[in-house]
Amino acid sequence: MEKMTLNVKGMSCGHWVNSIEGSVGELSGVTAVKVNLDLGTVSVEFNPNEVTLDRIKETIDDQGYDV
């Protein structure tokens, strides 16, 4: 397992927390995802043999945020 914390711009309320945690959490290989609005970060724990960091970033980008 790998753990990574990403800086994400544009998150401002609880809706975005649910959106990101839901979409990233559905990816195969992601075991944990936690958004911190105050810091503007997304912490992800994932199996790199099942999902790439680029795929995780792309999923966040698809929600309308800059990683």
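What follows is a chat about a predicted model of a small set of residues and the fold around them.

Visitor: Let's start with the fold. In what order do the elements of the protein run from the N terminus on?
Guide: The tally for the protein is 2 helices and 3 strands. Strand 1 covers 2-7, helix 1 covers residues 14-25, strand 3 covers residues 41-46 and helix 2 covers residues 53-62. Read from the N terminus, the order is β-α-β-β-α.

Visitor: And how does the radius of gyration of the protein sit against the globule rule for 67 residues?
Guide: The C-alpha atoms fill a box of roughly 30 × 20 × 15 Å along the principal axes. The globule rule gives 11 Å for 67 residues and the model comes out close to that, so the protein is as compact as a globular protein of that length. The radius of gyration itself is 11 Å.

Visitor: What share of the contacts with a separation of 6 or more comes from residues 24 or more positions apart?
Guide: One pair that fits the bill is V42 and M4, which touch. Another is T41, which touches T5. Over the whole protein, the share from residues 24 or more positions apart is 57%.

Visitor: What about the surface: how much of the exposed area do carbon and sulfur atoms supply?
Guide: Start with burial: 36% of the 67 residues count as buried. The protein exposes about 4000 Å² in total. Of that area, carbon and sulfur atoms supply 43%.

Visitor: Now charges. How far apart do the centres of the positive and negative sets lie?
Guide: The protein carries 5 positive side chains and 11 negative ones. Take the centre of each set, and the two lie apart by 5 Å.

Visitor: Zooming in on helix 1, is I20 buried or exposed?
Guide: I20 lies in helix 1, and leaving aside residues up to four places away in sequence, it touches M11, G25, V35, V42, I60 and Y65. Its relative accessibility is 0%, and the cut-off for burial is under 20%. That makes I20 buried.

Visitor: Which strand holds V42, one of the residues I20 touches?
Guide: V42 has 0% relative accessibility and so counts as buried. Beyond its neighbours in sequence, its contacts include I20, M11 and I60, and I20 in turn touches M11 and I60. The element that holds V42 is strand 3.

Visitor: T41 comes just before V42 in the chain. Is T41 buried or exposed?
Guide: T41 is in strand 3. Its contacts away from its sequence neighbours are T5, L6, N7, M11, K34, V35 and N36. With 10% relative accessibility against a cut-off of under 20%, T41 counts as buried.

Visitor: T41 touches N7, so to speak, across the chain. What is the relative accessible area of N7?
Guide: N7 is placed in strand 1, and its contacts beyond four places in sequence are G40, T41, D66 and V67. Exposed means over 50%, and N7 is exposed, with a relative accessible area of 58%.

Visitor: How far is N7 from E50, C-alpha to C-alpha?
Guide: In sequence, N7 and E50 are 43 residues apart. In space, their C-alpha atoms are separated by 22 Å.

Visitor: Then there's K9. Which residues does K9 touch, not counting those up to four places away in sequence?
Guide: K9 lies in the loop between strand 1 and helix 1. At 63% relative accessibility, K9 counts as exposed. D66, which N7 contacts, is on its list too, and the full list for K9 is Y65 and D66.

Visitor: Last one, over in helix 2. Which backbone oxygen does the side chain of T59 reach?
Guide: T59 lies in helix 2 and is buried, with a relative accessible area of 6%. Away from its sequence neighbours, T59 touches S23, V24 and L27. Its side chain also makes a polar contact at 2.9 Å, and the backbone oxygen at the other end belongs to R55.

Notes
Residues are numbered from 1 along each chain as its sequence is written. This is a predicted model: local features need pLDDT of at least 70, side-chain atom pairs count only at pLDDT 80 or more; totals for chains, interfaces and linings use all residues. Side-chain values use heavy atoms; hydrogens and water are left out. Helices (H or I, at least four residues) and strands (E, at least two) are DSSP runs, numbered from the N terminus. The radius of gyration is taken over C-alpha atoms; the globule rule is 2.2 Å times the number of residues to the power 0.38. Buried means under 20% relative accessible area, exposed over 50%, partly exposed in between (1.4 Å probe, protein chains only). Contact means heavy atoms within 4.5 Å. Accessible areas come from the Shrake-Rupley method with a 1.4 Å probe; for residues, only the protein chains shown count as cover. Lys and Arg count as positive and Asp and Glu as negative; His and the chain ends are not counted. The place of a charge is taken as NZ of Lys, CZ of Arg, CG of Asp or CD of Glu. A polar contact is a pair of N or O atoms within 3.5 Å; within protein, one must be able to donate a hydrogen and the other to accept it, and residues adjacent in sequence count only if both atoms are side-chain atoms.
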